[in-house]
Amino acid sequence: MPAAGIRPAPAILLVSIAIASSVMPTAWTAGVPETPRFKVDPFWPKELPNNWIMGQVGGMAVDRRDHIWVLQRPGLDTVDELGAAQTPPESQCCFAAPPVLVFDVQGNLLQSWGGPGEGFDWPKREHGIYVDKDDNVWISGAGAGDRHILKFKNDGHFLMQIGHPSADAANSMRTDILGLPAGMEVDAEAHEIYIADGYLNKRVIVYDSDKGTFKRLWGAYGNPPNDVDPGAYNPAAPPDQQFRNPVHCVHISRDGLVYVCDRMNDRMQVFTKQGKFVKEFFARPQTLGRGSVWQFAFSTDENQKFLLVADGENNVIWTLRRDDGTVVGQTGHNGRNAGQFHWVHQVVSDSQGNLYTGEVDTGKRIQKFVLQH
């Protein structure tokens, strides 16, 4: 793979990816013993109580206690999944679980809450969730009119809303509303929340996490964002100078860099906290469809040497070296069995380096992948 931030002629890049893939006789690159490897735990999580069933997994997060937070979409459950909830009941199972589900590392459900309430606008389609160091829970939505994010205490008590529902057209320069935001992360020391915004807008936007006041925003390469439709992604074309929808994730590394998932452009861009472009990585850039860079987790070693990238189009977790973006391994395969994926949408890591994944479309499940030592 080329050095980060340098994209050669597409043909050369595709050849380099192909060569990297060809030396993987198993799921992992030979000769890289430090590369993390994972094994699925087919017994995680445990069965939900109350005859509940889980829907599409919009978002996932891990808090400081290694509790795994899941934001799922009960509104997209089908009638056959909710047979017990019909009038009269059509089958023994099931009822829709609440949107927010919290598990421990053993797979036990610890708490649940969420849904419409007084004083805030619950999203039409649940998407992102993040738990900050003060145990505040942030939630975003990517349904029609979801132009805001919500802040709660970890018991579901409402604290703050940034933005509001709106049917207005995309405008990535507006700061009073968002654009179907996909995900977010809080910089606790700076009291700032970074938002991947999103399915309608094409930007990263930052607000004060205590007051909700606007701080700054930027688009791809640190440019002012532009909402013009760029047309279909073409891997043979020069790199797109703007993000494509959706801008799907934003995370901050321990060394203070901001990583952004530009999903449909098959790339991750890296910035300073002020929005200055640093470098970019590409993950299987010949991928069409819905793109290859959906979400990622940092490896838990001190230097965060690896990025574990969820690719919902190819249905694998790519392992990339963080310094130069080289693909050094993959986990999973398209399929329905334990350890396989159908539209893997989210990936998070606990403090021990174990991964947790969530699927949308008809996948509708979460899985645990245990780090192998």
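**Exercise 1. Decide whether R284 is buried, partly exposed or exposed in this predicted model, and describe its backbone.**

Step 1. The relative accessibility of R284 is 29%. Step 2. A residue is called buried under 20% and exposed over 50%, with partly exposed in between. Step 3. R284, at 29%, therefore counts as partly exposed. Step 4. To place the residue along the chain, look at the strands on either side, where R284 is found in the loop between β19 (277-282) and β20. Step 5. Turning to the backbone, R284 has a positive phi of about 40°, although it is not a glycine. Step 6. For background, most residues other than glycine have a negative phi.

**Exercise 2. Carry out the analysis for D135: where does it lie, what is its phi, and is it buried or exposed?**

Step 1. D135 lies in the loop between β8 (126-131) and β9 (137-141). Step 2. Its phi is near 70°, which is a positive value in a residue other than glycine. Step 3. The relative accessibility of D135 is 9%, and because buried means under 20%, D135 counts as buried.

**Exercise 3. Find the cis peptide bonds that involve G198 and P246, and place these two residues in the chain.**

Step 1. As a general point, most peptide bonds are trans. Step 2. The peptide bond from D197 to G198 is cis, with omega near 0°, and G198 is found in the loop between β13 (192-197) and β14 (203-208). Step 3. The peptide bond from N245 to P246 is also cis, with omega near -5°, and P246 has its place in the loop between β15 (214-218) and β16 (247-252).

**Exercise 4. Describe the surroundings of N201, and say which residues it is in contact with beyond its neighbours in sequence.**

Step 1. N201 lies in the loop between β13 and β14, which is also where G198 is found. Step 2. With a relative accessibility of 0%, N201 counts as buried. Step 3. Leaving aside neighbours within four places in sequence, N201 is in contact with A170, N171, S172, L178, G179, D227, N245 and V247. Step 4. One of these contacts, N245, is the residue from which the cis bond to P246 runs. Step 5. As for distance, the C-alpha atoms of N201 and M173 are separated by 8.8 Å, while the two residues are 28 apart along the chain.

**Exercise 5. Work out what surrounds V79 and A84 in the loop between β4 and β5.**

Step 1. V79 lies in the loop between β4 (68-73) and β5 (95-96), and A84 has its place in the loop between β4 and β5 as well. Step 2. For V79, the contacts that remain once neighbours within four places in sequence are left aside are Q86 and E90. Step 3. The C-alpha atoms of V79 and C94 are separated by 9.5 Å, with their positions 15 residues apart along the chain. Step 4. A84 touches N51, P89, S91, Q92, C93, C94 and F95, not counting residues up to four places away in sequence. Step 5. The C-alpha atoms of A84 and F95, which are 11 residues apart along the chain, are separated by 6.3 Å. Step 6. At 11% relative accessibility, A84 counts as buried.

**Exercise 6. Identify the largest nonpolar core, and say which strands supply it.**

Step 1. The largest nonpolar core has 17 residues, and those with the most contacts inside it are Y259, M268, F296, L307, V309, W318 and L320. Step 2. At least two residues of this core are supplied by each of β17 (258-262), β18 (267-271), β20 (295-298), β21 (306-311) and β22 (316-321). Step 3. The strand that gives the most is β22, with 3 residues. Step 4. Take M268 as an example: apart from its neighbours within four places in sequence, M268 is in contact with Y259, V260, K279, E280, F281, V293, F296, L307 and V309. Step 5. Another core lies apart from the largest one, and its 15 residues include L48, M54, I68 and L101. Step 6. As background, nonpolar side chains tend to be buried together in soluble globular proteins.

**Exercise 7. Judge whether the chain as a whole is as compact as a globular protein of its length.**

Step 1. The secondary structure of the chain comes to 1 helix and 26 strands. Step 2. The radius of gyration is 20 Å, close to the 21 Å given by the globule rule for 373 residues, so the chain is as compact as a globular protein of that length. Step 3. Along its principal axes, the C-alpha trace spans about 60 × 45 × 40 Å. Step 4. Buried residues make up 57% of the 373 residues.

Note on methods:
Residues numbered from 1 in each chain as written. Predicted model: local features only at pLDDT ≥ 70, side-chain atom pairs only at ≥ 80, totals over all residues. Heavy atoms only, no water. Core = buried A, V, L, I, M, F, W, Y, C linked by side-chain atoms within 4.5 Å. Buried < 20%, exposed > 50% of the residue type's maximum accessible area, 1.4 Å probe, protein only. Helix = DSSP H or I, 4+ residues; strand = E, 2+ residues; numbered from the N terminus. Contact = heavy atoms within 4.5 Å. Rg over C-alpha atoms; globule rule 2.2 N^0.38 Å.
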